[in-house]
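Here's a friendly walk through one protein chain, one region at a time. Keep the picture handy as you read.

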Amino acid sequence: MTEPDRYSFRRYLDAKRTVDRRARNHRVAAAFRRSLAAVDEPVALCEIGAGTGTMIETVLEWTPDTEVRYTAIDADPTLVDAATDRIADRAADRNHDSDRSGGPIRIDRDGAAFEVEFRAEDALAHLAAHVGSYDVVIAQAFLDLTDVRAALETVADGLCPGGVAYFPITFDGVTSLLPPVDTDLEDRIERRFHRRMDTTEKVGGETGDSTAGRHLLTAVPATGGRVVAAGGSDWVVRPTDGGYEGDEAYFLHHIVDTIESALVADGTLAAERVSAWAAARHEQVDAGALVYLAHQLDVLATWPGTA
């Protein structure tokens, strides 16, 4: 499982479902659910960077008695197709309409309809073109790919009065793999990996932000908004009884490969040494011995005129 062409981003997104579920901050999630309950129905919700649709399933579970019109956006059409199939299967499991012809998928839920429209396009451009259209915007594990302040301004524009923005699993500058395999190299790998995140063009031509979580806490008020709730949502992946939950071994292999690929492309550290480090990490995963930590924040925010 150590060849780069063996890795699938789609499978990675599915594999991290259990990691995200453990990590999500329950206090911030509870504040978000209270905010959803306070919005007049139907709730117009837009998720940017929706991936394979795992957050859709979470909101579906959180809103059993609430009518929701959910717009799920991702720039990758293959991920949009995967999300469409996932939610259509969910609808079919409930013995409701699972039409996959391209229109919205509707799940009736005893009268509280949950309708999902999927769009393959630039999510921030969509919000910029739909000013004041949404009661709720969700961006999970997304803002570290952007210029945080510019993205917040666009999100705020997309919200209508009474709306909220929920930013779960926002990376915040700590990547740690244990136990160490090259003590002299470990800190340099983390620093260069984060530096690579900060200097490589990503969403909309912007560079990423390896400390997006903490920057949210100041960027929200700097753009005229208010932080309603915030808390840690760290990824902690560790073996139990010699193995990992679900598909989390694949998740770890993908993380190691991502770090290796970024550092080899960066070129600051010797490629041979980085590859040897990565090979040792892959062996630790296969042996059920690797522990992975990543620091993240969940943030719930509003802007003037919102609840």
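## R273 and its partner

Let's start with R273, which is partly exposed, with a relative accessibility of 35%. In this predicted model, R273 has a salt-bridge partner in D182, with N and O 3.0 Å apart. The two sit in distant parts of the chain, 91 residues apart: R273 belongs to helix α11 (residues 271-286), while D182 is in the loop between β6 (159-178) and α8 (183-199).

## More salt bridges

How many salt bridges are there by the rule used here? The count comes to 18. One of them pairs R11 with D247, and their closest N and O atoms are 2.8 Å apart. This is another link between distant parts of the chain, since R11 is in helix α1 (residues 9-15) and D247 is in the loop between β8 (235-237) and α10 (248-266), 236 residues apart. R11 is partly exposed at 33% relative accessible area, and D247 is also partly exposed, at 29%.

Then there's R86, which forms a salt bridge with D14, the closest N and O atoms being 2.3 Å apart. R86 is in helix α5 (residues 77-93) and D14 is in helix α1, so this pair ties together parts 72 residues apart in sequence. Buried or exposed: which is R86? With 15% relative accessibility, R86 counts as buried, because the cut-off for buried is under 20%. D14 is partly exposed, with a relative accessible area of 27%. Both residues also belong to a network of salt bridges that links D14, R17, E57, E61, R86 and R90.

## Two sides of helix α8

Now for α8, the helix that follows the loop holding D182. Its 17 residues should span 24 Å at 1.5 Å a residue, and the C-alpha atoms at its ends are 25 Å apart, which agrees.

Which residues of α8 are buried? They are L185, E186, I189, F193, H194 and M197. These residues cover an arc of only 160 degrees around the axis, so they are on the same side of α8. The cover over them includes β6, α10 and α11. Turn to the face pointing away from that buried side and you'll find the exposed residues D184, D187 and R191.

## Strands around β4

Strand β4 (residues 114-120) pairs with strand β2 (residues 68-74) through seven bridges, and the two run parallel. Within this stretch, R69 has E115 as its bridge partner in β4.

β4 also pairs with strand β3 (residues 105-107), this time through three bridges and in an antiparallel direction. Who stands opposite E115 here? That would be R106. The hairpin of β3 and β4 has six residues between the strands, and in it R109 takes a positive phi near 50 degrees. As a bit of background, side chains in a regular strand alternate between the two faces of the sheet.

## A stop at T218

Last on the tour is T218, found in helix α9 (residues 212-222). T218 counts as exposed, with 52% relative accessibility, because exposed here means over 50%. Its side chain reaches the backbone oxygen of H215 at 3.2 Å. How far apart are the C-alpha atoms of T218 and W62? They are separated by 29 Å, and the two residues are 156 residues apart along the chain.

Key. Residues are numbered from 1 along each chain as its sequence is written. This is a predicted model: local features need pLDDT of at least 70, side-chain atom pairs count only at pLDDT 80 or more; totals for chains, interfaces and linings use all residues. Side-chain values use heavy atoms; hydrogens and water are left out. Two strands pair if DSSP finds at least two bridges between them. Helices (H or I, at least four residues) and strands (E, at least two) are DSSP runs, numbered from the N terminus. A salt bridge is a side-chain nitrogen of Lys or Arg within 4 Å of a carboxyl oxygen of Asp or Glu. Buried means under 20% relative accessible area, exposed over 50%, partly exposed in between (1.4 Å probe, protein chains only). A polar contact is a pair of N or O atoms within 3.5 Å; within protein, one must be able to donate a hydrogen and the other to accept it, and residues adjacent in sequence count only if both atoms are side-chain atoms. The expected span of a helix is 1.5 Å times one less than its number of residues. The arc is that of the directions from the helix axis to the C-beta atoms. Contact means heavy atoms within 4.5 Å.
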